[in-house]
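Student: Hi! I have a structure open and would love some help finding my way around. Could we go through it together?

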Protein chains: 2
Amino acid sequence: VLVDSVDGALQLIAAARVERVVVPVVVELDVDGYRCGIDPSDPDFLRLCRLLSDSEATEFRGLMSYAGASYRCSSTSDMADLAERHRLAMVCARAVLSAVGIEGTIFSFGSTPATYFASSLEGFTEARCGIYMFQDLYQAGIGACEIDDIALSVLTTVIGTQPALNRFTIDAGALALSKDRSTQGTDFDAGFGLICDSENGSPIDDLYVSATSQELGLVTSRSQNRIDFRAIFLGRRLRVLPNHADMTAAAHDSYHVVNAKGRIVDRWGRVNGWEL
Amino acid sequence: VLVDSVDGALQLIAAARVERVVVPVVVELDVDGYRCGIDPSDPDFLRLCRLLSDSEATEFRGLMSYAGASYRCSSTSDMADLAERHRLAMVCARAVLSAVGIEGTIFSFGSTPATYFASSLEGFTEARCGIYMFQDLYQAGIGACEIDDIALSVLTTVIGTQPALNRFTIDAGALALSKDRSTQGTDFDAGFGLICDSENGSPIDDLYVSATSQELGLVTSRSQNRIDFRAIFLGRRLRVLPNHADMTAAAHDSYHVVNAKGRIVDRWGRVNGWEL
């Protein structure tokens, strides 16, 4: 359970008593005003942690923060500064709790860019950085990786060519790629994904998925260069690199793991949804 | 199989011969330049249909069109006109084929708004209108339904309140709602979804999901009115109406069917993904 207010803590304790259970709790710190959490300099912060630590219905486990504001930073040094601000807030909050005898075991930090650019993670016990393992076009755009580092793509097939309109159609649309448009409005706008060769994984010219229907993607040249339709033919396999790896992966049941030669060597299941 | 060019037909026939199978084929008409298909007034149209009809490797089944341009219409009468244009194109194409002895059984038409506003569907054998069964905020916005007609919502719980920022957090984020932003840029922009009462399904003031993280939604008042935090408390159940029912439904394994009293009376499975 994630708790970020005294009210929330009181409600949680009351509910846990009714159910006669002991609930382990992590308190979220709000360091950059990005989404939720409690400001550790707020007097309620200590009150909240004391409540959770003293109650027999809850077990105080630690603190977490999420540097979501890293997605709004304009430079990598701003991201490093933000990560350091989160780290100092965590170290201070830990010290305050320690001084009154409240100890925890989880001191967790989040966001892929902030983890990548942090100059130190001293004081944290874990980094929650989901995209980090695959990377994606947004991360490449903000400098957290190279395009060649992106380890996840959607395999697709050319199912229609329209040379007169200088575009073609693939059988991967919004359901396969997601409607994530996190690169929109940036100078690395990738539409709904970049088109790559299916064998070597390299981008083909500046082809990108400029529009999606549910099951179809429409591919055009970002600079409106003439597409080479000798190379783009019906049935050709291509790969689409994702804007946001997490959203794209969530549209699929499993990963097909390929080796350097492009051969499938394993299949990894995914946990999707929320039901047991 | 969907075919929209002579090249495509020749490739398909060659592939079917190699595999020694007979492939049933529907030819897509391009009536409004929205995504794919062949213009039925193009001389290749008849050539293509003859090829498919004459070959022992393919079986000509009929024609289809998709009035995707209805999503760009600014009035319901424009949608009706577009539907009629598709209908006339289909009737003419059928007549041309009939005149040379090519008959089919499938004459299919698509898009929810065009189906809804068509003055006649004479000449079609089916309407492909996926959203039609549930409707959504986009369809309500363009006048294809009322908000009260929307039959699909995501059940969610208030997990954090931030009265000082006049906002609160729910446990439905981008993975539960989808990142579809089809209402963006319209005067009925609904963010990532409208907030409703969980019992009677009515919208609560003008609350909407203005931002999403993967597992969290941030709710604010569209007009920035003061939110009534006596009514919005931790643990309260709410419903979120979707921008685009198809994308939201695809994020879930099944539907919980509720009766007029809000009791779950059935559970309907969904077919997601592409693998057998």
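Tutor: Sure, we can talk about helix packing, then a cavity, then a pocket. One thing to keep in mind is that this is a predicted model.

Student: Okay, helices first. At what angle do H2 and H3 of chain B pack?

Tutor: Helix H2 of chain B, residues 43-54, packs against helix H3 of chain B, residues 76-99, at an angle of about 55°. Their axes are 11 Å apart.

Student: And what do I call that arrangement, and why?

Tutor: H2(B) and H3(B) count as oblique to each other, because an angle of about 55° is neither under 35 degrees nor in the range 65 to 115. The crossing of H2(B) past H3(B) is right-handed.

Student: Which residues meet there?

Tutor: From H2(B) come B:Phe45, B:Leu46 and B:Cys49, and they meet B:Ala93, B:Val96 and B:Leu97 of H3(B). That contact has six nonpolar residues, no polar ones and no charged ones.

Student: What about H1 of chain B, how does it sit against H2(B)?

Tutor: Helix H1 of chain B covers residues 6-19, and its axis comes within 9 Å of the axis of H2(B), with a crossing of roughly 10°. H1(B) is therefore roughly parallel to H2(B).

Student: Nice. Which side chains should I click on for that pair?

Tutor: On H1(B), pick B:Val6, B:Ala9, B:Leu10, B:Leu12 and B:Ile13; on H2(B), they meet B:Asp44, B:Arg47, B:Leu48, B:Leu51 and B:Leu52. By type, the contact of H1(B) with H2(B) has eight nonpolar residues, no polar ones and two charged ones.

Student: Let's hop over to chain A. How do H2 and H3 cross there?

Tutor: In chain A, helix H2 (residues 43-54) and helix H3 (residues 76-99) have axes that come within 11 Å and cross at roughly 55°. That makes H2(A) oblique to H3(A), and the crossing is right-handed.

Student: Who touches whom?

Tutor: A:Phe45, A:Leu46 and A:Cys49 of H2(A) meet A:Ala93, A:Val96 and A:Leu97 of H3(A). Here the contact is made of six nonpolar residues, with no polar and no charged ones.

Student: New topic: how many cavities of 30 Å³ or more are there?

Tutor: The count is one. The largest cavity has a volume of about 40 Å³.

Student: What lines the largest cavity?

Tutor: Its lining is A:Glu28, A:Leu29, A:Asp30, A:Val31, A:Asp32, A:Tyr34, A:Arg35, A:Cys36 and A:Tyr66. Those residues divide into five nonpolar, no polar and four charged.

Student: Last one, pockets. What is the volume of the second largest?

Tutor: The second largest pocket has a volume of about 1,400 Å³. It is lined by 45 residues, and the closest to its centre are B:Ser153, B:Val154, B:Leu155, B:Arg239 and B:His256.

Student: Which element gives the most to that lining?

Tutor: Strand S12 of chain B does, with five residues. Other chain B elements supplying at least two residues each include strand S6 (154-162), strand S11 (237-241) and helix H7 (245-249).

Student: And the mix of residue types?

Tutor: The lining of the second largest pocket has 20 nonpolar, 14 polar and eleven charged residues.

Methods. Residues are numbered from 1 along each chain as its sequence is written. Chains are lettered from A and ligands numbered from 1 in the order in which they are written. This is a predicted model: local features need pLDDT of at least 70, side-chain atom pairs count only at pLDDT 80 or more; totals for chains, interfaces and linings use all residues. Side-chain values use heavy atoms; hydrogens and water are left out. On a 1 Å grid over the protein atoms alone, a cavity is a set of points where a 1.4 Å probe fits but cannot get out, and a pocket is an open set with protein on both sides within 12 Å along at least five of seven lines; lining residues have an atom within 4 Å of a point. Grid points are joined across faces, edges and corners, and a volume is the space filled by probe spheres set on the points. Helices (H or I, at least four residues) and strands (E, at least two) are DSSP runs, numbered from the N terminus. Ala, Val, Leu, Ile, Met, Phe, Trp, Tyr, Cys and Pro count as nonpolar, Asp, Glu, Lys and Arg as charged, and the others, Gly among them, as polar. Axes are lines fitted to C-alpha atoms, for helices over the stretch in contact, and angles run from 0 to 180 degrees between N-to-C directions. Angles under 35 degrees count as roughly parallel, over 145 as roughly antiparallel, 65 to 115 as roughly perpendicular and the rest as oblique. A crossing is left-handed if the near helix is turned anticlockwise from the far one by less than a right angle, and right-handed if clockwise. Contact means heavy atoms within 4.5 Å.
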